[in-house]
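Got your viewer open? Let's walk through this one stop by stop, selecting as we go.

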Amino acid sequence: MMRIEIRFSSIDAAVGERVEAEIRLPGATGIRRIEVLPDCAGVSIVGPSEFLIEEGGVARVRFTCSVPGRGGITVVVKD
């Protein structure tokens, strides 16, 4: 099992506000490739959505939501 840690720059963002997420894979060894996807309609990734994370490293992704309500991201670890 792989643990994924995500920290958001804002938990109560306004519609259209950009949010930055820091993604870490604690305990992972080597280099891992991740893909970040919108988790619901209206969410858009701003900038790159695929990253290589080295052991102990962090990936930063920005996203925004064009509709009111909950919006976020899904992180997929690819081997």
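**Stop 1: two strands side by side**

Start by selecting residues 5–8, which are strand 1, together with strand 2: they pair in the antiparallel sense over 4 bridges. Here, strands are DSSP runs of E at least two residues long, helices are runs of H or I of at least four, and both are numbered from the N terminus. Two strands count as paired if DSSP finds at least two bridges between them. To see one of these matches, pick Ile-6, whose bridge partner in strand 2 is Ile-23.

Before you go further, note that this is a predicted model: local features need pLDDT of at least 70, side-chain atom pairs count only at pLDDT 80 or more, and totals for chains, interfaces and linings use all residues. Residues are numbered from 1 along each chain as its sequence is written, and side-chain values use heavy atoms, with hydrogens and water left out.

**Stop 2: the other neighbour of strand 2**

Now add strand 6, which pairs with strand 2 in the antiparallel sense over 6 bridges. Click Glu-20 and look across: Arg-62 in strand 6 stands opposite.

Next, show the side chains of strand 2. Which residues are on its covered face, and which on its uncovered one? Val-19, Ala-21 and Ile-23 make up the covered face, while Glu-20, Glu-22 and Arg-24 make up the uncovered one.

**Stop 3: two residues on the covered face**

Select Ala-21. Buried or exposed? Ala-21 counts as buried because its relative accessibility is 0%; the cut-offs are under 20% relative accessible area for buried, over 50% for exposed, and partly exposed in between, using a 1.4 Å probe and protein chains only. Leaving out residues up to four places away in sequence, Ala-21 touches Ile-6, Arg-7, Phe-8, Ala-59, Arg-60, Val-61, Phe-63 and Ile-73. Contact here means heavy atoms within 4.5 Å. Try a distance too: from Ala-21 to Glu-35, 14 residues apart along the chain, the C-alpha atoms are separated by 13 Å.

Slide over to Val-19, also in strand 2. Val-19 is buried, with a relative accessible area of 5%. With neighbours within four places in sequence set aside, its contacts are Phe-8, Ser-9, Ser-10, Ala-13, Val-61, Arg-62 and Phe-63.

**Stop 4: the nonpolar core**

Select Ile-23, Ile-34, Val-36, Val-61 and Ile-73: these have the most contacts inside the largest nonpolar core, which has 16 residues. Such a core is a set of buried Ala, Val, Leu, Ile, Met, Phe, Trp, Tyr and Cys residues joined through side-chain atoms within 4.5 Å. At least two of its residues come from each of strand 2 (19–24), strand 3 (31–38), strand 5 (50–54), strand 6 (58–65) and strand 7 (73–78). Strand 6 gives the largest share, 4 residues. In soluble globular proteins, nonpolar side chains tend to be buried together.

Zoom in on Val-36. Outside its neighbours up to four places away in sequence, Val-36 touches Ile-23, Ile-45, Ser-49, Phe-51, Val-61, Ile-73 and Thr-74.

**Stop 5: the largest pocket**

Turn on a surface and select Ile-11, Ala-13, Val-19, Gly-69 and Gly-71, the closest to the centre of the largest pocket among the 16 residues that line it. The space in this pocket is about 270 Å³. The search runs on a 1 Å grid over the protein atoms alone: a pocket is an open set of points with protein on both sides within 12 Å along at least five of seven lines, a cavity is a set where a 1.4 Å probe fits but cannot get out, and lining residues have an atom within 4 Å of a point. Grid points are joined across faces, edges and corners, and a volume is the space filled by probe spheres set on the points.

Strand 6 supplies the largest share of the lining, 3 residues. By class, the pocket lining has 10 nonpolar, 5 polar and 1 charged residues.

**Stop 6: a loop residue and a cavity**

Select Leu-25, in the loop between strand 2 and strand 3. Leu-25 counts as buried, at 5% relative accessibility. Leu-25 is also one of the residues lining the largest cavity, along with Ala-28, Gly-30, Arg-32, Ile-53, Glu-54, Glu-55, Gly-56 and Gly-57. About 30 Å³ of space lies in that cavity.

Methods
Nonpolar A, V, L, I, M, F, W, Y, C, P; charged D, E, K, R; others polar.
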